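Let's take a walk through this fold together, starting at one helix and working outward. Have the model open and ready to rotate.

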Amino acid sequence: MDYRILPFGNVWDGGIFNVPSLLVDKYLKMASEYQLKALLFILRNNGQSDSAELAKALGQTTGDIDNILEFWVEEGILSVNGTAVEPQIQVTEPEPEKEKKPKAKDTMSPPTLSPKDIIAILRDDEKLRFLLTEAQTVLGRGISRAEQEMLINMVNYYGLKPEIVLMILEFYRAEKLKGRSIGISYVNSMAKNWAEEGIDNLADAEEKLKEIERSDRLWNEVTALTGIRHRRPTVKQREMITQWFDDFDISMVSLACDIMKENIPEPKLSYVNSVLKKWKKEGITSPSQVKAQQEEFEKQKNSRKDGDKLKSKPTYDLEKIKQDAMNNTDL
């Protein structure tokens, strides 16, 4: 399609102002939405404005505005408080040998990136510029400096490909549209988890999303069975309940939940997990086997002589399970 601005109409009623061609030719992809908006506002106001005025116009804080405009200051397009920064002259040098990217588990946390760091990284990396531009499209809004840092670290630190990061953002947006309480920090945790699992192609990422969809369905079943009320499962809880349904059918999970409700006042997933782990270890796979073992236990208990020890205990030794569950604070 061919688009052309109409030569006559209301758009021209407020007058016109100059916009340098370079802003479109060089910075349309490199600059973020708010960086472009802020500069357009300054151009509209005879080439000058202050942080407070810009913050009010763009709905940002003055601190965010200063971070946003630091990009244009570093590029030698704006001065700040009457002082201009000399644009850096880039010298082409032989590309150094790329160092092996650290895995997520090698250090405690990704590096902190200043606005200057982000500017330098985006200037030299077209894929990251594309990622940040597309991220704004996916989220339907501009992204903050902290979010820019997070997305860059997903690629440069965690080692994920930009297209996989965008899949994670699409998942985040879909969850928000469903009305689920999920913060942007969940996206970072998800990226870290995917990196640790070695997800490095779209096929693996799609398979992972199917697993998450399945674990969501299973989580809904578990919360209905146990009476536990959590808005979203943690990563550990997802892995745990998925393992339950890999090992047992719904009747066994339901039975374990019933045993939990009969023996502790507040529902705990760790209790159910302990029961199911014992059944798996003992090779018990059906409610009839659980019933038979309990009957045998009661029979031994009723027929034993004083002082005699029981030859066996049921696989869901309630006291031992209760102790294990209360000591487990991870789930």
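Which residue caps the N-terminal end of H6? In this predicted model, that job falls to Asp125, which places a side-chain oxygen 3.0 Å from the backbone nitrogen of Lys127.

From there, follow the helix along. H6 runs for 14 residues and spans 20 Å from its first C-alpha to its last, close to the 20 Å expected at 1.5 Å a residue. After the helix comes Gly140, with a positive phi near 75°. Now look at what H6 tucks away: its buried residues are Leu128, Arg129, Leu131, Leu132, Ala135, Gln136, Val138 and Leu139. Among the elements covering them are helix H2 (33-44), H5, H7 and H8.

One of those buried residues, Leu131, takes us into the core. In soluble globular proteins, nonpolar side chains tend to be buried together. Here, the largest nonpolar core has 34 residues, and the members touching the most other members are Leu131, Leu151, Met154, Leu169 and Trp194. At least two core residues come from each of helix H5 (115-124), helix H6 (126-139), helix H7 (145-156), helix H8 (162-177), helix H9 (184-196) and helix H10 (202-226). H8 gives the largest share, with eight residues.

Zoom in on Met154 for a moment. Leaving aside residues up to four places away in sequence, Met154 touches Gly159, Leu160, Val165, Val187, Asn188 and Ala191.

There's also a second, separate core, made of 25 residues, including Leu218, Val222, Val275 and Leu276.

How many aromatic pairs does the structure hold? Just one, and Tyr157 and Tyr158 form it. Their rings meet edge-to-face, 5.2 Å centre to centre, with 65° between the planes. Both tyrosines, Tyr157 and Tyr158, are buried.

Last stop: Asn273, which sits in helix H13 (residues 269-282). Is Asn273 buried or exposed? Asn273 counts as buried because its relative accessibility is 15%, and the cut-off for buried is under 20%. The Asn273 side chain also has a polar partner: a 2.8 Å polar contact joins it to the side chain of Trp244. For another landmark, try Val253: it lies 20 residues from Asn273 along the chain, and their C-alpha atoms are 9.2 Å apart.

Technical notes: Residues are numbered from 1 along each chain as its sequence is written. This is a predicted model: local features need pLDDT of at least 70, side-chain atom pairs count only at pLDDT 80 or more; totals for chains, interfaces and linings use all residues. Side-chain values use heavy atoms; hydrogens and water are left out. Helices (H or I, at least four residues) and strands (E, at least two) are DSSP runs, numbered from the N terminus. Buried means under 20% relative accessible area, exposed over 50%, partly exposed in between (1.4 Å probe, protein chains only). A polar contact is a pair of N or O atoms within 3.5 Å; within protein, one must be able to donate a hydrogen and the other to accept it, and residues adjacent in sequence count only if both atoms are side-chain atoms. A nonpolar core is a set of buried Ala, Val, Leu, Ile, Met, Phe, Trp, Tyr and Cys residues joined through side-chain atoms within 4.5 Å. Contact means heavy atoms within 4.5 Å. Rings of Phe, Tyr and Trp (its six-membered ring) pair if their centres lie within 6.5 Å; planes under 30 degrees apart count as stacked, over 60 as edge-to-face and the rest as tilted. The expected span of a helix is 1.5 Å times one less than its number of residues.
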